[in-house]
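User: I am new to this structure and should like to learn how to read its features. Please guide me through them.

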Amino acid sequence: MRLLEMLREWELETRPIHPASRAALERRWAELPEHVQTPNQLLGRSAIGCEGTHGVFPKCDLTCSPCYHSADANKVRVDGEHTRGQVDAQMQLLHELRGPRAHAQLIGGEVSLLSADDHAAALQTMRRHGREPMSMTHGDFDADYLRDVVLDADGVPRFDRVSFAAHFDSLMRGRRGAVRPRSEAELDPFRARFAQMFVDLERDHGVRSYLAHNMTVTPSNLGEVASTTRAVLDMPFDMLSFQPAAFVGDDRRWKEDFTEVSIDRVWERIEEGAGQRLSWQGTQFGDPRCNRYATGLRVDGRFVALVDAADPRDRAARDRLLAHHGGMIFGGTSKPVLMTKIIRAVARHPLDVGVLVAHVRRMVRRAGGLSRVFSAARRRRIRSSSFVVHNFMDAAQVAPAWELMERGARSDDPLLRETQERLGACMYAMSHPGTGRLVPACVQHSVLDPAENIELRRMLPLLAGSSITARPSGLTEVRPTGRPERSRL
Ligand code: SF4
């Protein structure tokens, strides 16, 4: 009997697509608005979407203009027990509603304000719920902190791989060594130093990493997007992500007219920096007014898209492989299980091997031919590479649009109608275990964060004896006198 059970478990575990993943994807697809049920749509076909935490550690020790956190966020104490409990509850609900596997961001204020042990515990909790966690940081921490997160007290790795997204841009104030950067280029050594910590981590401890570089774009640094892209592409980051600024969060930090920076203008500047066209139309997450996404390989300095939307053979291969294998999970799976999954997938669709081989051949051709690929591989000049623009919306449009959606009403106003369409196709969800609901991150930041942070401020007041420090920006920073914090300014 026990043997039969074990065989059943093995059969389920090695199915190319787990039934729970398949069911979650089908639900996701059915819930998507028609306008995004396009052939290039990945939501509901191979991905469930991105997830993020909220209210788990709202405080940050840098001051950015703009900042999407509400004014009370910095008055909430960072509390490891609260973080761990909330992360657990939020991930549990995400697991229930969105299936066994997804990417999730450990995001709040600044993640490195958590103690290393609390940070590691939060990541382990996310993994336990089938989430592939990514820690969102301003990147201003030292290698000691990183090692303490990744290694346990005996120096043994707690993880075989980690993902971090580091936000670097000249709109940020208070970074050690670059308190008030006057240009994006001034931050390049800090970007390189951050990425190098992870190269060293792998060399010394065998822990691999996936690194994203984030940058907020306003009229004041739009002109530097191309040069920043160029600089960061030479560093060991896997993803370059840009966020055009929106009027959301703390309105004391809205210093420019963000409407001048559109998703298309940012993408043009990224292409200028990359020195080539970046085909994004082959793959889409959610609504194209929210997201641009191009993924592929960087071979000897040249980006080769996984799907070139201009090539009908690429599009046909995408459609076929998504239809047959979308939802297959490769990460977090042991080698024997993964190999068995692949064998079973091939057995079910043997002709797909030819489709895949032809697709790889086209990618090799686009990369400059086989000898160039081999030469790049020898010199370790091949790596995964993705470009992203995520276009958050203004609170002034999200709040009324969401209010109507909550009443089941559609707006006649063109902007609010567009907002409702985008919220309906949202690819970035936050979880509310108290109500059993998921909400788009735009709604979280535009509508729910202010009240949530007032409540958190009551629950987790700063420690007794806090001092108030005036910052040059005119903002005030409340700091507990009982715990020394590193000086930023
Ligand atoms: S969070 Fe906002 S901008 Fe991002 S996908 Fe969702 S609705 Fe679109």
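User: Where is Q397 placed?

Analyst: Q397 sits in helix α13, residues 395-406. Helices (H or I, at least four residues) and strands (E, at least two) are DSSP runs, numbered from the N terminus. Residues are numbered from 1 along each chain as its sequence is written. The model is predicted: local features need pLDDT of at least 70, side-chain atom pairs count only at pLDDT 80 or more, and totals for chains, interfaces and linings use all residues.

User: Is Q397 buried or exposed?

Analyst: A residue is buried if 20 or more other C-beta atoms, placed from the backbone, lie within 10 Å of its own, exposed if 12 or fewer, and partly exposed in between. Q397 counts as buried because it has 23 C-beta neighbours inside 10 Å.

User: Which residues is Q397 in contact with, leaving aside its neighbours within four places in sequence?

Analyst: Contact requires C-beta atoms, placed from the backbone, within 7 Å. With those neighbours set aside, Q397 touches L415, L416 and T419.

User: How should one read a pair of packed helices?

Analyst: Two packed helices are described by the angle between their axes and the distance between the axes. Axes are lines fitted to C-alpha atoms, for helices over the stretch in contact, and angles run from 0 to 180 degrees between N-to-C directions. Helix α3 (residues 80-98) packs with helix α4 (residues 116-128) at about 10°, the axes being 9 Å apart. Therefore α3 is roughly parallel to α4, a label for angles under 35 degrees (over 145 is roughly antiparallel, 65 to 115 roughly perpendicular, the rest oblique). On the α3 side, the contact includes G80, T83 and R84.

Technical notes: Contact = placed C-beta atoms within 7 Å.
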